[in-house]
Amino acid sequence: MPIPEFIRAIRAKAGNTLLFMPGVVMVVFDERGRVLLNRRSDTGQWALIAGIPEPGEQPAEAAVREIEEETAVTAVAERILGVYTNQMIEYPNGHLAQYMDVVLLCRAVGGTARVNDDESLEVGWFAVDALPELVPLHRERIALALKDEAAAWFVPAPDPRDR
């Protein structure tokens, strides 16, 4: 995965130190109700489209940009599905990162799905009842999108009265 320039600048000073960073993850549906996935070049696994917002960029702007950059699909962001802090990960180069992902429901409005950069090995539309192998978290996010509930999901904070 290409490292955004602003992350390169931070890494030049911080080294492998754990960075807590924003992320966007998109559940993109087409007019037939299929979900857009890419097979990531870094892991070889099928996944939802995801990326890192640039400084000053709104999550919905980042979502639309990342979808087009990675898949050549034009989309609109419709709503936030949830907000998650993910587990810390260690990249092969030793960099440590933990992402707080804003997960957005998006709708495709144009373009043809294809590999559009070096972040994907394959890109495709999948019926929700015929998904390739996905990590459980991605399946959960697709299931959340299919519920069509207005409220965003988040891990609730402990009740302060229980302290």
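Here is a friendly conversation about a predicted model, with the reasoning behind some of its labels.

Colleague: Let's start with charges. Why is the pair R39 and E122 called a salt bridge?

Modeller: The N to O distance between their side chains is 2.7 Å, and the cut-off is within 4 Å, so the pair qualifies as a salt bridge. By this rule the count comes to ten salt bridges.

Colleague: What makes the R39 and E122 pair a tie between separate parts of the chain?

Modeller: R39 belongs to strand β2 (residues 35-40), while E122 belongs to strand β7 (residues 120-126), so the bridge links parts that are 83 residues apart in sequence.

Colleague: How do you know whether R39 and E122 are buried or exposed?

Modeller: Neither word fits by itself. R39 has a relative accessible area of 23%, and E122 has 35%. Buried needs a value under 20% and exposed one over 50%, so R39 counts as partly exposed, and so does E122.

Colleague: Why is D159 with R161 called a salt bridge?

Modeller: Their side chains meet at 2.4 Å, N to O. Set that against the limit of within 4 Å, and the label follows.

Colleague: And what makes D159 partly exposed, but R161 exposed?

Modeller: D159 is at 24% relative accessibility, which lies between the limits of 20% and 50%, so D159 is partly exposed. R161 has 71%, and that is over 50%, so R161 is exposed.

Colleague: Which residues are joined into one network by salt bridges that share partners?

Modeller: E57, R65, E66 and E69. Within this group, R65 forms a salt bridge with E66, and their closest N and O atoms are 3.1 Å apart. That value is within 4 Å, so the rule is met.

Colleague: How do you know that E66 is buried?

Modeller: Its relative accessible area is 7%, and buried means under 20%, so E66 earns the word. Its partner R65 has 22%, which is not under 20%, so R65 is called partly exposed.

Colleague: Where is E66 found, and what is E66 in contact with?

Modeller: E66 is found in helix α2 (residues 59-71). Leaving aside neighbours within four places in sequence, E66 is in contact with M26, I49, A50, G51 and I52.

Colleague: Some of those numbers bring us to β3. Why is strand β3 called mostly covered?

Modeller: Strand β3 (residues 46-51) has six residues, and five of them are buried.

Colleague: How do you know that β3 pairs with β1 and with β2?

Modeller: Pairing needs at least two bridges. Three bridges join strand β1 (residues 19-29) to β3, and β2 and β3 also have three bridges, so each pair passes. Both pairings are antiparallel. On the β1 side, V25 has A50 as its bridge partner in β3. From β2, R39 stands opposite W46 in β3.

Colleague: Which residue takes a positive phi in the hairpin of β2 and β3?

Modeller: G44 does, with a phi near 80°, in a hairpin that has five residues between the strands.

Colleague: One more: why is L134 called buried?

Modeller: L134 has a relative accessible area of 8%, and that is under 20%, so L134 is buried. L134 sits in the loop between β7 and α3 (136-147). Not counting residues up to four places away in sequence, L134 touches L37, W46, A47, R139 and I142.

Definitions and conventions: Residues are numbered from 1 along each chain as its sequence is written. This is a predicted model: local features need pLDDT of at least 70, side-chain atom pairs count only at pLDDT 80 or more; totals for chains, interfaces and linings use all residues. Side-chain values use heavy atoms; hydrogens and water are left out. Helices (H or I, at least four residues) and strands (E, at least two) are DSSP runs, numbered from the N terminus. Buried means under 20% relative accessible area, exposed over 50%, partly exposed in between (1.4 Å probe, protein chains only). Contact means heavy atoms within 4.5 Å.
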